[in-house]
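Welcome! Let us take a friendly walk through a protein chain, looking at charged partners and at a few residues with an unusual backbone.

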Amino acid sequence: MQRNVWTGLVKLAVWTGLGLATTGGSALAIESCVASLKKQAISAGVKPEVAERMLSGAAFDEKVIRFSTTQPEYKTEIWDYMAFLVDAERIKDGEKNLKKHKRTLTAIEKRYGVNRHVVLAVWGIESDYGQFRGDFYTPHALANLVCAGKKRQKYFRGELIKTLQIASRGDVPADDFRGSWAGAFGQTQFMPSTYNSLAVDFDGDGRKDLVNSVPDALASTANFLKNAGWRDSRPWGFEVKAPKGYSGPSGRKKYASLGTWGKRGLTKVGGGKLSGKLEAALIRPAGANGPAFLVTRNFRALRSYNASTSYGLAIALLSELVSGGDPIQTPWPTDNPGLSRAQRLELQKLLNKNGFDVGAPDGKVGPATRAGIRKAEAKHGMPVTGRPSWNVYYALGGR
């Protein structure tokens, strides 16, 4: 199996024009690939010592390749996704950071015309307010995507070169590029190309440092959202109630005025007529039996941060809750809801306690945790899914 992986790597490198040798062992394959990337970076203006420092030691990373084919916002049920992204802990931390960074957020809102609570919510979703930047050293992750990935190698090669250029200019220290498997970095997770076009120096120190400067990270996020079409004169949207058996238009691209939606039988979730010329689209992310939302073009700006309706809704709902708004009124259509981060951590402890070894508890649900859940589900006569759900949590003693 290992031999097949590296044979594929060598072939893939040749296909993508990296000029790798087709002989030798697996070590030669990755070393040749990285050596070629270093030369390309230096030709693109990267200081040789920076290219050497940031690419030396890059090795095949199965996790990067696996993540590149499976993203949680596309595979996870929305009630699971919301349970761990918009939980009580993240709301509480958001309220604290809203007070702590009030002056900065107010100044950013004034300059860019983007709601401060929305900017704060992006920060909360992307890095837990700067507490977690990512599992990967992004230059090595990008090198894997170029050398061993199955698609978009040219794009990722460009992002890698831009990463090295950013460090070479001195904007972000070479060792600070911790982020996602796809190369995004910083407190609000910018891809290098997005950094080059939209990052700003808001603290005035002459560097656009999205890793170590909260003002730079938050202002750059506001600039991104403004560029994506956010206008503070309109809300992102709100929850609504559709009439029973509604079969009219829906979908995030089918806009109509609020007055038109009112004529179609929709009402505000707490009661009250819809009226006015503001345009919105109806989304029902969990189907006809779950919550429904009318979303404006501001929601499209949120969604552009990561092309997922679940992701955009997580930002929107967190922004409401940190500003004192109401939670979703309509329950998700499931009798087996998802778990918060604290409950996921407790689930791992319970799995270990009950003999289903998942390793050191960290709250992150990876292959080992899912394997342990499947064993627990089988033992308790449940459908075997590997999903961190309330039912398995309760069966193991969670409360």
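Does Tyr-129 count as buried or exposed? Keep in mind that this is a predicted model. Tyr-129 has a relative accessibility of 6%, so this residue counts as buried, the cut-off for that being under 20%.

**Two residues with positive phi**

Tyr-129 has another feature to look for: its phi is positive, about 60°, although Tyr-129 is not a glycine. You can find Tyr-129 in the loop between α9 and β1. Gln-189 is not a glycine either, and it has a positive phi of about 55°. Look for Gln-189 in the loop between β2 and α12 (192–198). With 13% relative accessibility, Gln-189 counts as buried.

**Salt bridges**

How many salt bridges does a search of the whole structure find? The search finds 14. Here are three of them, with the distance between N and O atoms.

| Acidic residue | Basic residue | N to O distance |
|---|---|---|
| Asp-175 | Arg-53 | 2.6 Å |
| Asp-135 | Lys-364 | 3.1 Å |
| Glu-279 | Arg-297 | 2.9 Å |

Let us begin with the salt bridge between Asp-175 and Arg-53. This pair links distant parts of the chain, 122 residues apart: Asp-175 sits in the loop between α11 (153–169) and β2 (178–179), while Arg-53 belongs to helix α3 (residues 48–55). Asp-175 is partly exposed, at 45% relative accessible area, whereas Arg-53 reaches 52% and counts as exposed, since the cut-off for exposed is over 50%.

Next comes the salt bridge between the side chains of Asp-135 and Lys-364. Here the distant parts of the chain are 229 residues apart, with Asp-135 in the loop between α9 (116–127) and β1 (136–137), and Lys-364 in the loop between α17 (341–353) and α18 (367–379). Asp-135 is partly exposed, with a relative accessible area of 36%, and Lys-364 is partly exposed at 41%.

What about Glu-279 and Arg-297, which also form a salt bridge? Glu-279 lies in strand β6 (residues 279–283) and Arg-297 in helix α15 (residues 297–303), so this pair ties together parts that are 18 residues apart in sequence. Glu-279 is partly exposed at 35% relative accessible area, and Arg-297 is partly exposed at 28%.

**A network to find**

Which residues are linked in a network of salt bridges? They are Asp-87, Glu-89, Arg-90, Asp-128 and Arg-341.

Definitions and conventions. Residues numbered from 1 in each chain as written. Predicted model: local features only at pLDDT ≥ 70, side-chain atom pairs only at ≥ 80, totals over all residues. Heavy atoms only, no water. Salt bridge = Lys/Arg side-chain N within 4 Å of Asp/Glu carboxyl O. Helix = DSSP H or I, 4+ residues; strand = E, 2+ residues; numbered from the N terminus. Buried < 20%, exposed > 50% of the residue type's maximum accessible area, 1.4 Å probe, protein only.
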